[in-house]
Amino acid sequence: MIDTLDDLDVEGTTVGVRVDINSPIADDGSLADDARLRAHVDTLSELLERSGRVAVLAHQGRPGGDDFGCLSPHADRLSDLLGRPVDYVDATFSQAAREAVQSLEDGDCVVLENTRFYSEEYMEFDPDRAARTQLVANLAPVLDAYVNDAFAAAHRSQPSLVGFPTVVPGYAGRVMESELDVLGSIEETPEPRIYVLGGAKVPDSIDVAWSVLEKDLADHILTAGVVANVFLIADGVDLGDASSDFIYEQGYWDEIDRASDLLDAYGDRIALPRDVAVDRDDGRHELGVNALPPQEGEAAMDIGSSTLAYYERLLEDAGTVILNGPAGVFEDDRFELGTRRLYGAATDVPTSIVGGGDTASALRRLGVEGFSHVSTGGGAALQMLTADQLPAVSALERTVDTASDRNDGH
Ligand SMILES: Nc1ncnc2c1ncn2[C@@H]1O[C@H](COP(=O)(O)OP(=O)(O)O)[C@@H](O)[C@H]1O
Ligand SMILES: O=C(OP(=O)(O)O)[C@H](O)COP(=O)(O)O
């Protein structure tokens with residue numbers, strides 16, 4: 001049982017609110033999409049209207065990635081969306097951050113700096129150990145309550161997600177509450193169930209594939225995106241150096257062995273692309289897997305038309321489809337076809353659940369609508385749909401009742 005904002009006496013309370021506003025970033029550093037910020041407006045408005053003092057905690061990107069950066073544009077955009085001033089401080093738990101939090105008045109909001117600027121935040125800990133990290137140990141003393149609204153990051157056992165509720169009373173925000181409500185009952189969805197695993201987070205997708213196949217939750221898995229490329233290589237297809245180099249650079253080389261083990265164990269339920277699209281002469285050029293490898297420098301950027309026809313046939317019989325990750329590099333008009341058609345076909349399935357930051361932005365860009373549920377989370381929604389418990393949700397379930405527990409325990 002998790003407490004929600006209904007259980008929190010907000011007025012005059014200093015609340016650390018973990019949100020997931022991790023967003024695509026444009027070349028000039030601005031936000032390319034603000035959907036994830038919009039999703040948290042209800043939670044933040046409610047806390048501010050109920051005279052809370054709100055310190056927003058969030059991450060942006062992964063260390064070393066192109067989207068890794070500060071949260072100043074997010075604070076500006078939140079201010080527009082909330083219709084009130086939102087401060088930003090370029091510190092997360094240092095004295096400057098603590099002073100910014102302690103100087104909040106009722107109804108004030110400050111965005112603290114990207115939690116992942118600190119190395120411990122990009123590590124996974126059990127909740128008690130997470131509570132002893134620099135972030136939590138330094139910031140928790142200036143918070144009266146902790147609200148986790150970051151459903152999209154709830155599959156990470158990182159300090160800002162599992163550490164705070166161990167020492168500060170924790171509550172689910174409105175996004176967290178509604179996602180848990182909708183996604184909590186995968187076993188009750190109609191069969192056959194198809195999981196579509198695309199996008200670029202290959203290790204997460206392979207974890208999900210193992211779990212749903214072992215538990216017999218999935219009748220089929222359709223692979224797309226970089227995930228499909230890893231499976232094709234695992235299946236012995238020569239995708240060429242450009243695709244292989246990309247997989248190697250992402251650090252996903254070991255995933256090929258894991259994909260190969262999965263194919264050995266459950267190959268009859270895993271569908272692989274029959275053709276791929278590459279960039280040739282500045283256009284889209286499709287190649288059957290038998291015609292691979294492509295020419296020098298060409299990478300598999302999308303699934304091809306005969307794969308789409310094959311996947312569409314499988315989807316026709318599905319009772320439930322769960323999708324995460326674009327089928328190709330949808331940001332480039334030449335390689336949006338796979339995502340447009342595959343996701344479009346999924347909207348005809350009786351229960352269709354889709355999740356992921358980039359996936360949601362792809363769907364908006366391509367104008368694909370009509371799903372039963374669009375989750376704010378990709379990996380988190382998938383893990384929820386494997387019927388596994390999410391670490392951040394478990395941490396809320398076991399949260400301390402009062403700040404005095406914190407004082408007793410630490
Ligand atoms: N074949 C491909 N090669 C390279 N990148 C790809 C390919 N297919 C999809 N992608 C990229 O995957 C990214 C999104 O993946 P991911 O972050 O896993 O999605 P989500 O945020 O929805 O979980 C997009 O930027 C897209 O360009
Ligand atoms: O974008 C996110 O997840 P998603 O890509 O599964 O939607 C979350 O912000 C979690 O980010 P992470 O996968 O870098 O831990």
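Student: Which elements each supply at least two residues of the lining of the largest cavity?

Tutor: They are β13 (320–324), β14 (351–355) and α16 (379–384). Helices (H or I, at least four residues) and strands (E, at least two) are DSSP runs, numbered from the N terminus. This is a predicted model, where local features need pLDDT of at least 70 and side-chain atom pairs count only at pLDDT 80 or more, while totals for chains, interfaces and linings use all residues. Residues are numbered from 1 along each chain as its sequence is written, and side-chain values use heavy atoms, with hydrogens and water left out.

Student: What makes I322 a lining residue of the largest cavity?

Tutor: On a 1 Å grid over the protein atoms alone, a cavity is a set of points where a 1.4 Å probe fits but cannot get out, and lining residues have an atom within 4 Å of a point. I322 is in the lining, and L323, G378 and L385 are also among its residues, so each has such an atom.

Student: What is the space in the largest cavity?

Tutor: About 30 Å³, where a volume is the space filled by probe spheres set on the points.

Student: Why is the contact between D20 and ligand 2 called polar?

Tutor: A polar contact is a pair of N or O atoms within 3.5 Å. An N or O atom in the side chain of D20 is 2.7 Å from an oxygen atom of ligand 2, so the pair qualifies. For H59, a polar side-chain atom lies 2.9 Å from an oxygen atom of the ligand, and this pair also meets the cut-off.

Key. Chains are lettered from A and ligands numbered from 1 in the order in which they are written. On a 1 Å grid over the protein atoms alone, a cavity is a set of points where a 1.4 Å probe fits but cannot get out, and a pocket is an open set with protein on both sides within 12 Å along at least five of seven lines; lining residues have an atom within 4 Å of a point. A polar contact is a pair of N or O atoms within 3.5 Å; within protein, one must be able to donate a hydrogen and the other to accept it, and residues adjacent in sequence count only if both atoms are side-chain atoms.
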